[in-house]
Every structure is written in structure tokens, then in C-alpha cells.
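Trainee: Got a minute to walk me through this one? I'd like to look at its strands and its empty spaces.

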Amino acid sequence: MPISYDSERKLFKLDTSDSSYVMEIYDENYLVHLYYGAKIPDANLKSHKYRGWFASVAPQNIHIEDTLFSPDVSPFEYPCEGTGDMRESAFSVRNAQGNNSTDLRYVSHRIYPGKPRIDGLPSLHVNSDSDADTLEITMADSVTGVRAELYYTVFNEFSAMTRFVKVFNDSDSPVDIERIFSSCTEFNTHDYDMITLYGDWSKERTFERAPLTHIRQGISSKRGTSSHAHNPFGAIAEHCANEEYGSVYGFNLVYSGNFEFSAEVEPHGGTRVLMGINPEAFGWRLESGECFSSPEAVSVYSAHGLGEMSRTFHKLYQKHLIRGRWADIKRPLLINNWEATGMDFTGDKLVTFAERAKELGIDMLVMDDGWFGNRDSDRTALGDWQVNEEKLGGPLSSFIARINSLGIKFGIWFEPEMISHDSNLYREHPDWCIQVPGREKSIARYQYVLDFTRKEVRDYIYSLMKKVIGENNIEYVKWDSNRSLSEVGSLALPPERQKEVAHRFILGTYEVMDRLTVDFPHLLLENCSSGGGRFDPGMLYFSPQIWCSDNTDPIDRLHIQFGTSLCYPASTVGAHVSASRRAGYETKGNVALWGTFGYELDPNTFTEEDREIIKEQVSEYHKYYDLIRSGDLYRLISPWENERRVAWMFVSEDKEEALLTSVVMRKPYDDAFYLRLRGLDPEKYYVDDNSGEVYSGALLMNAGINLTNYGRNDGDSFKIYFHTL
Ligand code: DGJ
């Protein structure tokens with residue numbers, strides 16, 4: 001049984017494929033965390049709840065005889081504010097009396113097959129109830145009348161677990177939720193590092209690792225989006241953990257708004273790790289009888305380093321997060337005009353793109369920003385989603401017909417949540433923006449953010465999108481979002497609900513995305529946010545791919561893609577070959593192959609030699625499509641460890657084939673280059689497709705392969721395809 005309850009010892013044990021998670025209902029119905037880590041056979045862990053001696057200043061429960069128990073040092077499943085636990089709490093409500101003393105205790109539980117969905121929020125799914133089991137624990141606070149259901153789902157096939165919390169107000173008065181984290185994970189020591197992905201526009205998801213100390217550590221966003229600055233991912237790893245060895249706990253939030261991931265080391269050395277909505281930019285008024293759900297947090301345990309953690313996330317998301325017809329079928333190879341033309345294009349110009357694309361074997365043309373209203377610069381027209389027929393040389397339907405007649409599919413760009421200062425929509429509805437009365441709104445890229453907390457605003461924007469998509473043969477939409485939220489407020493909400501705006505905004509965005517995917521199930525949706533500023537599992541629930549970064553330089557992309565791969569699979573990573581300055585087309589292609597693959601340049605500029613390279617790349621895209629999308633990723637040399645060269649490989653699930661890629665960033669001086677491969681079957685024999693040499697998997701993984709003669713100059717790269725005899 002993946003989830004069991006020992007009624008005598010009052011212990012819950014949750015077993016995934018490789019991990020166990022144990023908690024106990026302690027005296028006075030405190031729900032105490034006992035263990036999370038490698039699988040253990042039984043759960044006799046009672047002594048673990050003590051974290052050593054504590055000072056007499058620590059609050060204790062008068063009804064508990066055990067003088068070693070204090071809420072201040074005990075590891076809790078869902079710690080509350082204001083009742084003796086002085087660490088950062090997971091949950092806090094301000095009650096009708098105005099205080100925020102909150103105390104949830106165990107009431108009952110249910111264990112059942114399958115997994116519930118979360119109303120209005122993205123979450124992982126099961127394909128059949130036998131995929132996962134769920135434990136639902138009901139907790140209640142007898143003073144505030146607040147009840148919480150803690151949901152834990154364990155996936156049978158993966159070392160992974162999801163958690164979320166649903167809160168009910170059973171009292172007669174409103175309460176204000178001030179903190180509602182999705183997961184709290186307690187560790188008995190702090191002998192760990194924290195790994196996070198920081199960044200900025202053009203350098204998203206940069207790997208960072210630092211040891212935990214008693215200085216509180218963490219990342220967060222209050223930008224209204226998950227953001228470039230920090231991804232809602234974090235890992236807690238043993239100091240010794242690397243790609244292959246050591247315990248690693250990965251956490252990822254299925255949410256696209258303000259979040260916090262933090263670790264607090266307590267004086268006795270234990271560590272509390274929280275993941276959820278950032279309380280600094282959140283509040284929620286819960287009326288009597290209402291309920292509120294937190295986003296879902298995913299946790300993955302790996303006993304074999306970061307590599308295994310990543311592969312678990314990848315497979316889990318491919319099977320249980322990404323939905324719709326594009327989850328499984330082959331995606332079109334596309335060319336996007338943005339980097340080539342910006343907004344300075346015509347219908348005729350784009351038709352030449354489609355003509356060249358057809359000659360090269362590309363499937364789809366995506367018309368990016370600039371096709372609507374008077375959008376000739378980024379200063380105007382967001383919100384005016386009417387086709388600029390003058391620019392396209394006629395109605396959109398005729399333009400698309402020209403593209404389609406060449407045998408090329410068509411996709412289009414939108415930025416639904418935004419409104420330009422200079423737009424008809426803003427002139428008509430200045431009140432439709434996110435704003436705070438009396439305070440000037442900050443402008444970013446000359447645009448404001450639409451108040452997607454309001455149904456009439458969402459309905460209006462969606463009606464325009466629906467008209468464009470419904471009346472034309474559009475098979476792909478790029479959903480962009482190019483600014484953070486500031487002066488966060490809504491003219492439609494009362495003062496006591498203003499702290500809800502950021503979360504309501506995300507709920508509104510999800511609602512429009514949901515309508516779009518339900519009304520147009522054939523659409524391939526690609527998310528984007530000034531490059532990869534909203535690359536999170538919440539977005540992956542709606543769109544199977546996300547534009548990874550506006551930085552398409554293949555050398556910079558190595559850092560970005562290595563970081564992104566920590567938890568997101570290759571099939572989700574929007575990656576294109578562009579005209580960027582560093583490296584040739586071969587390297588650009590090799591790097592973009594580790595993603596959705598496509599082009600982002602003017603194909604009219606290709607020389608005959610370029611065209612031959614591109615045709616070869618297109619055929620490689622087809623050849624390696626399944627291997628890269630369903631294979632296992634092994635990061636062999638990461639740019640965060642080696643600034644000179646990197647290498648990675650994909651190995652098919654049946655271990656019959658593998659693709660090794662390596663890029664020289666800066667040519668090393670001393671140059672014997674042996675590389676030990678990973679993930680192969682030691683018993684099998686593999687043909688190196690370049691040299692025709694045959695090697696055993698054991699040899700390739702232990703002795704390595706001599707690659708000294710490959711990649712001689714900065715920016716060079718190479719691939720080797722291996723297949724079994
Ligand atoms: C930002 C995106 O990241 C780009 O790819 C492009 O779509 C522009 N926005 C268009 O304004």
C-alpha cells in the first residue's frame with residue numbers, strides 16, 4: 001500500500017517508488033512530521049520528533065505531560081502562527097477578534113485511490129486512479145472555526161508527491177487568510193545546500209547553490225508572475241550531492257504568480273522548508289461558509305543526485321502535468337519572424353518566409369507581435385486585437401490561405417493580459433488596468449496590466465481572441481506577457497480584498513487560458529513572458545511548451561537550458577536557431593535540438609551552404625525527435641562546473657540508442673578529452689555512428705570515450721549517435 005495508517009501508533013506512511021514520508025498524530029492531536037527520504041521498511045520513528053533540549057522560554061502545552069515536547073521545536077506538518085511555534089509558519093488567519101493566533105489539530109483522514117483536482121488552479125493529474133493514491137487529512141482550529149484539508153498524493157511509478165491545502169471557514173464571521181503555504185517539509189538537520197534558479201531577462205534559470213546556515217534563506221517573487229528573477233523551484237541537497245550521488249529533495253510550485261521557497265534553520269539545527277504563495281503579497285478574505293485552495297507543490301526525492309531528480313520531474317510532468325493532444329503527438333517545426341523583422345513586416349514579406357520554410361522542410365510560420373491595431377512599435381495598441389489588414393495586404397483569412405497554400409501551417413502571437421497606454425482600449429477603459437487610486441501607474445514597455453480579476457475585462461479580451469482564432473485557420477498561439485505587476489490594486493474590489501488582487505489576477509489568467517484550450521483543443525499553445533519569465537508548471541498545465549529565453553545565443557543558452565533542465569523536460573523548452581552572432585549554424589542547431597527546435601531568423605538570408613546545413617538539421621530534428629522527447633537526460637558536463645566545455649546526452653528508455661552532444665565554449669589548452677557516458681546498459685554493445693566503432697556500454701561508462709579530436713575551436717560542437725548492434 002503506498003499510503004498506510006497504523007492506528008495503534010497513529011502513524012501515516014506514504015511510500016513512493018523510492019521514498020518514504022512519515023508523520024504522526026501526537027498527543028492533543030498535533031500532526032508531527034517524522035521523516036522524508038529514502039524508502040524505509042517501517043515507521044518506528046517516534047523519537048524523531050524531539051530536536052534536543054530547549055530553553056524554558058519555549059511554550060508548552062499544559063495538557064501534555066511530556067516535558068520534551070514544545071511547539072517551538074517540534075517538526076510540524078502544517079505549522080500555524082501565534083500558538084507557540086516561533087519559526088516561519090505555513091498558515092495564519094486573522095480572525096474576527098483581530099488576532100492571528102491559529103492552531104490546526106488533526107480531526108480525521110481519508111485514503112483513496114486517484115487524485116483530486118483543484119478548483120480554478122492547475123495541478124497534476126492521474127490518467128487512471130491506479131496511478132496514484134491520496135491521503136486527505138482534516139485539521140481544525142476550535143477557536144477560529146477554520147478547517148483545513150491537507151492533501152498528499154503519491155505517484156506509484158515515481159519518487160514524487162504533490163501537496164495542497166484547502167481551507168474552509170466554518171465560523172459565522174469572516175476571517176482573513178494571511179499565509180497559506182502549499183507544503184512544509186521538516187528536516188532534522190541542516191547539513192544541506194539550497195539550490196535555486198535565479199536570473200533576469202536573457203539569463204533565466206541560472207544555477208545557484210549555497211549551504212544552509214542559521215541565516216534564513218530563500219527566494220520569492222512579488223512581481224505578479226513567477227518571474228525571471230527566481231523560478232518557483234528549489235532543491236535541498238546533501239553537501240556531497242552531485243549529478244549522480246547523494247540525496248536531493250526537489251520542490252516545484254504549480255503556480256505562475258508570487259511565490260516563496262524558503263528554508264529556516266532553527267537553533268537546534270533542524271530545518272523547515274516552505275513552498276507556496278508569497279505571504280508578503282497576499283491576503284484573502286474568507287467569508288463564512290467559503291473555502292480557498294492553495295496551489296499545488298510537487299516534491300521529488302532522489303537518492304542519486306540531481307540527475308535522477310531532474311529525470312523524475314521530466315517524466316512526471318510529461319505523464320501527469322502536460323495535457324491535451326500536443327502532450328503526445330509530434331509538434332510542428334516552426335519558424336518565427338520576431339528576431340528577423342520585429343514589427344516591421346508585411347504580409348508579402350512573411351509569405352517569402354513561408355516559401356523558404358517550405359523548401360527547407362519547416363512546418364509552420366508563426367507571425368509574432370505587430371499584426372494588429374496600429375502596432376508598429378512597442379508603444380501602441382495592446383488590447384486592440386483587430387487585424388491590421390493594410391499591413392497584411394488583406395484580411396487575415398486570405399493571408400493565412402496564402403501561407404497554407406504553400407503547405408505551411410500558421411500560428412499567431414497575443415499578449416492578452418496587457419494594454420498599451422496608447423491604445424483605443426485604454427482611451428475607452430482606463431479603469432480596466434491594475435491600479436491603486438490616486439497613485440500614478442508605473443509604465444513598463446509603455447504598457448499597463450489589464451485587471452484580469454474582473455470578469456468583464458477577461459470576457460472582452462477573450463471575445464476578441466476567440467474571433468481572430470475562430471474565424472481563421474490558426475493552429476498555434478504564442479501567449480506573451482511582458483511586464484511585472486506594480487501598484488497592485490483593483491478598482492472593482494473593496495479595500496478588505498485588495499491583497500487578493502495578485503492571486504485573483506493569476507486565477508483570471510488561468511481562466512482565460514482554460515477557455516482558450518477548451519474552445520480550441522487543436523491549438524498548440526506556447527507560453528512566453530519576455531522570454532522565459534513565466535516558465536513554471538502552472539503554465540505547462542495549459543501549454544506544453546514555453547519560450548525559454550529571448551537570448552538565443554547558443555553559448556549563453558547552454559547556461560539557460562542546463563538550468564531549465566533541472567526540473568523541466570526538453571519537450572517543454574522553446575529553443576530556436578537564430579542569427580545570433582556567436583557560433584555557426586551547426587552549434588546553434590545542436591543546442592536548439594535540446595528543446596522544441598525551430599527557427600527565429602529571416603530564411604531569405606541563407607547562403608546555399610546554410611541551406612544545406614538547415615536541411616540536414618531538419619532531418620536530424622525528425623531523426624532524434626522521439627529520443628530527445630521521451631529519452632532520459634544525463635547532464636555530463638555542466639556549465640556551472642566547467643566554463644570551457646559542456647556535454648549532455650539523451651538515452652532512450654529501452655537503452656537501445658543515445659545521443660551525445662558537446663559544445664566547446666572556450667577551447668581548453670590541455671586537450672585530451674575523455675568523457676564517461678551515463679545511462680547506458682553496461683551489457684549492451686553500442687555502435688558509434690560517426691566512427692563505426694563498437695563499444696560496450698560498460699566501457700563507455702567506465703573507461704569513457706576519447707573525444708580529443710572533436711570540437712577544436714571556441715563555439716564548435718558535435719553530436720555522436722549511439723545505437724545497439
Ligand atoms: C517578448 C518575447 O519574448 C519575444 O519572443 C517576442 O514575442 C516579443 N515579446 C514581442 O513583443
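Mentor: Sure, let's go through a few strands, then the pockets and cavities. Keep in mind that this is a predicted model.

Trainee: Okay, strand 27 first. Are Leu524, Leu525, Glu526 and Asn527 buried or exposed?

Mentor: They're all buried, and both faces of strand 27 (residues 524-527) are covered. Leu524 and Glu526 sit on one side, with Leu525 and Asn527 on the other. In a regular strand the side chains alternate between the two faces of the sheet.

Trainee: In which sense does strand 26 pair with strand 27?

Mentor: Parallel, over four bridges. Strand 26 covers residues 476-479, and its Lys478 stands opposite Glu526 in strand 27.

Trainee: And which residue is the bridge partner of Asn527 in strand 28?

Mentor: That's Ile546. Strand 28 (residues 545-547) runs parallel to strand 27, and two bridges join them.

Trainee: What helices go with those strands in the β-α-β units?

Mentor: Helix 8 (residues 501-519) goes with strands 26 and 27 in a right-handed unit. Helix 9 (residues 537-542) does that job for strands 27 and 28, and that unit is right-handed too.

Trainee: Switching to empty space. How much of it lies in the largest pocket?

Mentor: About 600 Å³. The pocket is lined by 25 residues, and the closest to its centre are Lys315, Gln318, Arg629, Ser630 and Glu653. Helix 1 (305-320) and helix 12 (608-630) are the elements that give two or more residues to that lining. Helix 1 gives the most, with six.

Trainee: What's the lining of the largest pocket like by class?

Mentor: It has 13 charged residues, six polar and six nonpolar. Domain 1 (3-320) and domain 2 (329-416 + 469-482 + 510-629) each contribute at least three residues to this lining.

Trainee: Where does the second largest pocket lie, and why there?

Mentor: It lies between domain 1 (3-320) and domain 3 (634-724), because both give residues to its lining. Its volume is about 380 Å³. Of its 18 lining residues, Glu243, Glu244, Arg635, Leu636 and Arg678 lie nearest the centre. Strand 32 (632-637) gives the most to this lining, with four residues. By class, the lining splits into eight charged, six nonpolar and four polar.

Trainee: What about closed-off spaces? How many cavities of 30 Å³ or more turn up?

Mentor: Nine, searching the whole structure. The largest has a volume of about 130 Å³. Its lining includes Tyr30, Leu31, Phe76, Tyr78 and Met139, and by class it is nine nonpolar, one polar and two charged.

Trainee: And which residues lie nearest the centre of the second largest cavity?

Mentor: His314, Gln318, Pro569, Gly631 and Leu633, out of 13 lining residues. This cavity has a volume of about 100 Å³. Helix 1 gives the most to its lining, with four residues. Domain 1 (3-320) and domain 2 (329-416 + 469-482 + 510-629) both give residues to that lining, so the cavity lies between them.

Trainee: Last one: where is Gly692?

Mentor: In the loop between strand 36 (685-688) and strand 37 (694-696). Gly692 is partly exposed, at a relative accessible area of 45%. From Leu392, Gly692 is 300 residues away in sequence and 51 Å away in space, C-alpha to C-alpha.

Conventions
Residues numbered from 1 in each chain as written. Predicted model: local features only at pLDDT ≥ 70, side-chain atom pairs only at ≥ 80, totals over all residues. Heavy atoms only, no water. Buried < 20%, exposed > 50% of the residue type's maximum accessible area, 1.4 Å probe, protein only. Pairing = 2+ DSSP bridges. Right-handed = clockwise from strand over helix to strand, strands pointing away. 1 Å grid on protein atoms, 1.4 Å probe; cavity = no way out; pocket = protein on both sides within 12 Å on 5 of 7 lines; lining within 4 Å. Points joined across faces, edges and corners; volume = space filled by probe spheres on them. Nonpolar A, V, L, I, M, F, W, Y, C, P; charged D, E, K, R; others polar. Domains from an automatic or database assignment.
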